[in-house]
Amino acid sequence: MTLLRAVATATLFSTSVYANTTPTVALDSYLPSEGIPTQFVRISDPNAIVLKNVNSEEIYVTYSIAPELFEQLYEYGESFEHNQLSDHVFVRYSKQFGPYAHFEALDLNVSVIDPHLSVDPIEVASKNCLSLNPSTLGKQDCLNLELEYVDLELNRIYQDLGGSDNVQLSDMQKKWIAYKDAKIAYLQSQYLQREGTMWGLVYADNVNAVYKQQLRFLRSISSNQQ
């Protein structure tokens, strides 16, 4: 099995509300055993493939592939219908590589740069976790799990884009952290002083939204550099 893309994993500075937290629960615990099922439709361009999700929606996925292996993927895209190859593609997650698509017929893994929400392992795992843990404490644990992995992805993509060696990126990210800290402090003042456990969930959900917005931004930057 071939893995097509690797990035550094050392955290240059933590963006987390936790102190250098490493996720304690595997994301796979809340994902299908083989990964999120999709079907291959076509190659859209050298950096994008079209997949069909479980709702039969066609989704565009930006990916990264080693140049010497693109021809293998391209030939598959050209001939899989005629050769009756499997069109099953499973989207999975690796702490080291982030989201990736596993092509069953080729036994090939392709790094996914900017996954559609319906096949984003973090989003899917979070929704599954929340549905399986309806209590307030259970929901809080699920939101914490989501934040841990979003934070992990933020740091991974930051490094992939150059980290501290990318002066403009580093300056932007440090300013975002200051903004994030100020916004979280405001959210604490609005929600954590109220009575009722529900407000703790509202607070956590809003904190996660701050992180996910920045993750979408960094993913879009990474996607446009492919």
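How many residues does the hairpin that joins strand 2 to strand 3 run through? The answer is 2 residues. I'll come back to that hairpin in a moment.

First, confidence. What you see above is a predicted model. The mean pLDDT of the chain is 84. Of its residues, 86% reach 70 or more. The weak stretch is residues 1–21, where pLDDT stays under 50. The model does give that stretch 66 contacts beyond four places in sequence. Where pLDDT is low, though, the predicted coordinates should not be read in detail. I'll leave that part there.

Now the strands. Start with strand 2, residues 36–45. Strand 2 pairs with strand 3, residues 48–52, in the antiparallel sense. That pairing has 5 bridges. Look at F40: L51 in strand 3 stands opposite. Next, take Q39, whose bridge partner in strand 3 is K52.

Strand 2 also pairs with strand 5. Again the sense is antiparallel, here over 4 bridges. Q39 turns up once more, standing opposite H88 in strand 5. So much for strand 2.

On to strand 3. How much of strand 3 is buried? Of its 5 residues, 4 are. Strand 3 pairs with strand 4, residues 58–64, over 5 bridges, antiparallel. K52 has E58 as its bridge partner in strand 4. These two strands form a hairpin with 5 residues between them. Within that hairpin, S56 takes a positive phi near 65 degrees.

Next, strand 5, residues 88–94. Strand 5 and strand 6 are antiparallel partners over 6 bridges. V91 faces A101 of strand 6 across the pairing. The hairpin joining strand 5 to strand 6 goes through 3 residues.

Strand 6 itself covers residues 98–103. Is strand 6 mostly covered or mostly open? Mostly covered: 6 of its 6 residues are buried. Strand 6 also pairs with strand 7, residues 108–114. That makes 4 bridges, antiparallel. Y100 stands opposite S111 in strand 7. The hairpin of strand 6 and strand 7 has 4 residues between the strands. D107 sits in the turn, with a positive phi of about 50 degrees.

Now the helices. Two packed helices are described by the angle between their axes and the distance between the axes. Take helix 2, residues 121–132, and helix 3, residues 136–160. They pack at about 170 degrees, and their axes lie 9 Å apart. Angles over 145 count as roughly antiparallel, so helix 2 is roughly antiparallel to helix 3.

Who makes the contact? From helix 2, we have I122, S126, C129 and L130. From helix 3, we have K139, C142, E146, Y149, V150 and E153. By character, the residues of this contact divide into 6 nonpolar, 1 polar and 3 charged.

One last residue: Y191. Y191 is found in helix 4, residues 167–191. Is Y191 buried or exposed? Relative accessibility is 19% for Y191. The cut-off for buried is under 20%, so Y191 counts as buried.

Which residues does Y191 touch, leaving out those up to four places away in sequence? W199, V202, Y203 and N206. N206 is 15 residues from Y191 along the chain. The C-alpha atoms of Y191 and N206 are separated by 10.0 Å.

That's the tour.

Definitions and conventions: Residues numbered from 1 in each chain as written. Predicted model: local features only at pLDDT ≥ 70, side-chain atom pairs only at ≥ 80, totals over all residues. Heavy atoms only, no water. Buried < 20%, exposed > 50% of the residue type's maximum accessible area, 1.4 Å probe, protein only. Pairing = 2+ DSSP bridges. pLDDT = per-residue confidence, 0-100. Contact = heavy atoms within 4.5 Å. Axes fitted to C-alpha atoms, helices over the stretch in contact; angles between N-to-C directions. Parallel < 35°, antiparallel > 145°, perpendicular 65-115°, else oblique. Nonpolar A, V, L, I, M, F, W, Y, C, P; charged D, E, K, R; others polar.
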